[in-house]
Amino acid sequence: MPQEAVLTMIIQAVIVVAVVFFLAELGDKTMLATVTLATEHGLFGTWLGSTVGMVAADALAIVVGRHLGTRLPEKAIRVGAALLFFAFAVWLFVEAASA
């Protein structure tokens with residue numbers, strides 16, 4: 001594959017991931033927590049801390065995803081991710097209801 005085609009694929013992947021990530025994160029609890037922290041702490045410290053935390057969480061997700069992707073079928077990973085997402089939603093709902 002020509003080097004120019006590889007570079008185009010990388011740029012397209014970065015743009016797609018960035019846009020999807022941005023849209024998925026709008027209004028989630030992490031964003032709301034960051035808004036709250038920004039009201040009490042400095043702008044730069046809040047931005048830097050939230051960026052470092054998100055990068056660390058994403059790095060872990062990438063490492064685990066790559067590891068699982070070599071050992072499990074994609075459908076099993078999708079079903080497992082959906083079940084975990086649902087379990088966390090139930091946990092947060094129960095936590096909020098009991099507060």
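Leaving aside its neighbours within four places in sequence, which residues is Thr 46 in contact with? I would like to begin there, and before I answer I should say that what we are looking at is a predicted model. Once those sequence neighbours are set aside, Thr 46 is in contact with Thr 34, Leu 37, Ala 38 and His 41. Thr 46 itself belongs to helix H3, which covers residues 43-69, and helix H2, for orientation, covers residues 29-40. Is Thr 46 buried or exposed? Its relative accessibility is 10%, and because buried means under 20%, Thr 46 counts as buried.

Let me turn from that residue to the outside of the protein. On the surface there is a nonpolar patch of about 850 Å², and the residues that make it are Leu 7, Ile 11, Ile 15, Val 19, Phe 22, Leu 23, Leu 26, Met 31 and Val 35. If you look for where these residues sit, you will find that helix H1, residues 3-25, and helix H2, residues 29-40, each supply at least two of them, and that H1 gives the most, with six residues. One member of the patch that you may like to find in the structure is Ile 11, which has its place in helix H1 and which, at 44% relative accessibility, counts as partly exposed.

Gln 12 also lies in helix H1, and at 47% relative accessibility Gln 12 counts as partly exposed. To get a feeling for distances, you could take the C-alpha atom of Gln 12 and that of Met 31, which are 19 residues apart along the chain and are separated by 26 Å; Met 31, as you will remember, is one of the residues of the nonpolar patch.

Now for the start of the chain. Met 1 is placed in the segment before H1, and with a relative accessible area of 72% Met 1 is exposed. Not counting residues up to four places away in sequence, Met 1 touches Val 6 and Met 9. If we compare positions further along, the C-alpha atoms of Met 1 and Trp 91, which are 90 residues apart along the chain, are separated by 47 Å.

Next, the pockets. How many residues line the largest pocket? The lining is made of 26 residues, and those that lie nearest the centre of the pocket are Ala 57, Ala 61, Ala 81, Phe 85 and Phe 88. The volume of this largest pocket is about 1,000 Å³. Its lining draws on H1, H2, H3 and helix H4, residues 74-97, each of which supplies at least two residues, and the largest share, 11 residues, comes from H4.

Helix H4 also brings me to my last point, which concerns charged side chains. The structure holds one salt bridge, and it is formed by Arg 78 with Glu 74, whose closest N and O atoms are 3.7 Å apart. Both Arg 78 and Glu 74 lie in helix H4, four residues apart, which is about one turn of the helix. Are these two partners buried or exposed? Because exposed means over 50% relative accessible area, Arg 78, at 53%, counts as exposed, and Glu 74, at 58%, counts as exposed too.

That is where I will stop, and I am happy to take questions.

Conventions
Residues are numbered from 1 along each chain as its sequence is written. This is a predicted model: local features need pLDDT of at least 70, side-chain atom pairs count only at pLDDT 80 or more; totals for chains, interfaces and linings use all residues. Side-chain values use heavy atoms; hydrogens and water are left out. Patches are made of residues with over 30% relative accessible area and no salt bridge: like charges are joined within 9 Å, nonpolar side chains (Val, Leu, Ile, Met, Phe, Trp, Tyr) within 5 Å. Accessible areas come from the Shrake-Rupley method with a 1.4 Å probe; for residues, only the protein chains shown count as cover. A salt bridge is a side-chain nitrogen of Lys or Arg within 4 Å of a carboxyl oxygen of Asp or Glu. Buried means under 20% relative accessible area, exposed over 50%, partly exposed in between (1.4 Å probe, protein chains only). Contact means heavy atoms within 4.5 Å. On a 1 Å grid over the protein atoms alone, a cavity is a set of points where a 1.4 Å probe fits but cannot get out, and a pocket is an open set with protein on both sides within 12 Å along at least five of seven lines; lining residues have an atom within 4 Å of a point. Grid points are joined across faces, edges and corners, and a volume is the space filled by probe spheres set on the points.
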